[in-house]
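Here is a briefing on a protein model. Please look over the sequence and the structure before reading on.

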Amino acid sequence: MMVSKRLLLYSLILSTLILWKTAVAQEYDFEIPVEEETARLEFSGNLDAVWGILRTNPASPFYGLQFFDQDKPDEYLSQYRLDFYFNSDYRYKQVGFTMRTFSQYTKEEPIDLSFFELYGSLNLSPRFTFSVGKRRYNWGKGYAFTPVVGYVNTEKDPENPDLALAGKSSIYLKYNRSIRSNLIQNLSFTTIVLPPEAEILDKYSNFNDLSTAFKLYALMNNIDLDFMFYAGQNQTRRYGMDISTNLRENLEVHGEISYAKNDYIHLIQDSTIDMIKRDGFSYLLGLRYLNSLNITFIAEYYHNNSGLTHSEYKNYLDFLRDNLSSMDPELISFSKSVMSTSFRNKNPMQDYFYLKASLPEPFDWLYSSFSIFTIYNINDNSFMLSPQIGYKPFTNSEILFWPSFFFGNDDSEYGSKQFQSKVEMWFRFYF
Amino acid sequence: MRKNKLFFFVILFSFSTFIWAQESIPVSVKGNAILKKVDEVLAPGSMEYYRKLINEEPNGDKKEFIFYSVKKDRDKVAMLYLAPASDKGRATLRIGDNMWLYIPNVGKPIRITSMQSIVGGVFNNADIMRLDYSAEYDAVKLDESGKEYVLDLKAKTRTVSYDSLKMWVIKKNNIVEKVECYAASGKLIKTLDFKQVKDFGGGVVRPAVIETTSPLYRGYRSIMIYSNIKRKKFPDEVFTLDYLSRLAELR
């Protein structure tokens, strides 16, 4: 009897405790948010520590202008720099924020921080994407070159096409639609509005410099097709298309063509800078091929209609040489300004051929890779040759040994570079 | 007596017809039916899953990758690299014979070929973004040995990575045990061993581990481990070039 009373008492206490706990739990309990409702902030990036030895080319007017008024440098120079890329991505439901920054350290002085990308996006559905801000676009199918560079792309460096680049201030809207048909599997339409960069008092720009670019993409019968259009009141009107497809399990081919109406080109005529208008087509043909030895080849031919002919390039070099020989600081300064504004194209001439061969883990060297590429200027028969040996000793780290050699006569593009050759060691760390 | 004889002939005729009908089902039809069942076991419809890829090198060192993948229909696969940091954010898409790679730095998808290997090791791109076997191969020969089917498969087109496959399948549950991949010359390129059958829930019971070796990569071994396989429906637009940079939204 005594035992049953005790049991009853314990049961009552236990029940009261459970009820009280439940009441408290009901009041303060909450549901753990499911994955897709959780805001997500991610950071990533890499640090490139680059040490280079450069052999100067005293015959080059670029060398002369760059080192004008400096103590005569040695034949060999060294350069040490740190390139720091820091990325941040925030996402909450349909809202996204993207930031990609770049800063370079060469010596102890205030470091400039560049925003390569800085935009907010509304991903309304898998079909609609909208963003506002500075965003990088990379239209076209070319690996080293692209004829559609005048639309929304920042010109890439054919010596390092995979390098991150700065974007453009823009408003971006994309509609993307899959189609269940045998002919067309996917269609998308992109509109990009590009406000001009602030030029007036570093704050304002002319409203008429606003431009717009459109792109229609289709995956048609296993072929990627893009049709592009770019226009603005004060801008060169451009029409273009590109194509790529896999012909075999180890062979991809691609091509691009772009027509520019009234493309502005700077030339040196009678020792003065002239701006002419030129209409015409730029185009590219390329392939990617993997052979039985596991070597991947990338080959591209590029015709750049807004580039210079050999004689036009020689006039440009003569113009720089004449100003340099005058030893006039004002002319020297003017020449430097011309180099960085009117003649700053990465591919200044008309016809190029690019060939790259790469092999992962040659001779069974673990974590290593070997590649070699050449860029051949068909107009003046100058070229650069650059082998690269890579090694990844640990996860998220990479070491590159990267020499480059430039060949050609003094009046050629690669023969007139300010350095005859360079050897670089890259130490790359990812996080 | 005549009735009995007639009855006997009718039975004999029916039985012979049945036997003949059974034997006349072409091997390819039966083999392809088995192949479809194999696909249903390995990748039952639209789903998402995580995978860890371990590339073992001859010196014993390992490289590891983690992928988030989504699949729809027989021929659509998209994959996002989650680790290591050096590859994080990369994404690949496969629609039939078409294959693209998106690298955040480059900012656009580029076409890649199925025989290349983005991750190194024994697995090539087609292995990592494998479609349903029945989407790429036809059964041309079927052997039965005890508890197994042995299928000889031939590539439907020349763009498929391997010219032919030899596949061992357990009869009772249509789970694939082993696949040998051959070049057009008849040379063995690699062997895939399917191991550790696991119940992932939702009716998904399949091997959780695939070990791959190749006579072309002596001393190398690649191991793919499956995790968190869930049935999930996706709009078709997820499997487009424009969505590659947004794949992380699906997680």
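The points below cover the interface between the chains, the salt bridges, the aromatic pairs and one buried serine.

This is a predicted model, so local features need pLDDT of at least 70, side-chain atom pairs count only at pLDDT 80 or more, and totals for chains, interfaces and linings use all residues. Residues are numbered from 1 along each chain as its sequence is written, chains are lettered from A in the order in which they are written, and side-chain values use heavy atoms, with hydrogens and water left out.

**Interface of chain B and chain A**

- In chain B, 46 residues are in contact with 53 residues of chain A (contact means heavy atoms within 4.5 Å).
- About 4,200 Å² is buried between the two chains, and carbon and sulfur atoms give 45% of that area. Buried area is the accessible area (1.4 Å probe) that two parts lose on being put together, summed over both.
- K108(B), R111(B) and E237(B) lose the most area on the chain B side, together 17% of what that side buries.
- The interface holds 28 residue pairs in polar contact, both residues at pLDDT 80 or more. A polar contact is a pair of N or O atoms within 3.5 Å; within protein, one must be able to donate a hydrogen and the other to accept it, and residues adjacent in sequence count only if both atoms are side-chain atoms.
- Strand 2 (62-72), strand 5 (98-102) and strand 6 (109-111) of chain B each supply at least two residues of the side that touches chain A. Strands are DSSP runs (E, at least two residues), numbered from the N terminus.

**Salt bridges**

- The count is 43 over all chains, and 8 salt bridges cross the interface of chain B and chain A. The rule asks for a side-chain nitrogen of Lys or Arg within 4 Å of a carboxyl oxygen of Asp or Glu.
- R180(A) pairs with D236(B), with the closest N and O atoms 2.9 Å apart. R180(A) is in the loop between strand 6 (168-178) and strand 7 (184-194) of chain A, and D236(B) is in the segment after strand 13 of chain B, so the pair joins two chains.
- R180(A) is exposed at 57% relative accessibility, whereas D236(B) is buried at 15%. Buried means under 20% relative accessible area, exposed over 50%, and partly exposed in between (1.4 Å probe, protein chains only).
- A network of salt bridges links R180(A), K72(B), D73(B), D75(B), K76(B) and D236(B).
- E42(A) meets K88(B) at 3.8 Å, N to O. E42(A) is partly exposed at 27%, and K88(B) is partly exposed at 36%.
- Within chain A, R81(A) meets E424(A) at 4.0 Å. R81(A) is in strand 2 and E424(A) in strand 18, so this salt bridge ties together parts that are 343 residues apart in sequence.

**Aromatic pairs**

- There are 37 aromatic pairs over all chains. Rings of Phe, Tyr and Trp (its six-membered ring) pair if their centres lie within 6.5 Å; planes under 30 degrees apart count as stacked, over 60 as edge-to-face and the rest as tilted.
- Y85(A) and F116(A) are edge-to-face, 6.5 Å centre to centre with 65 degrees between the planes. Both residues are buried.
- W402(A) and W426(A) have ring centres 5.5 Å apart and planes at 40 degrees, so the pair is tilted.

**A buried serine**

- S222(B) lies in strand 13 (residues 221-231) of chain B and is buried at 0% relative accessible area.
- The side chains of S222(B) and N55(B) share a polar contact of 2.6 Å.

Methods. Helix = DSSP H or I, 4+ residues; strand = E, 2+ residues; numbered from the N terminus.
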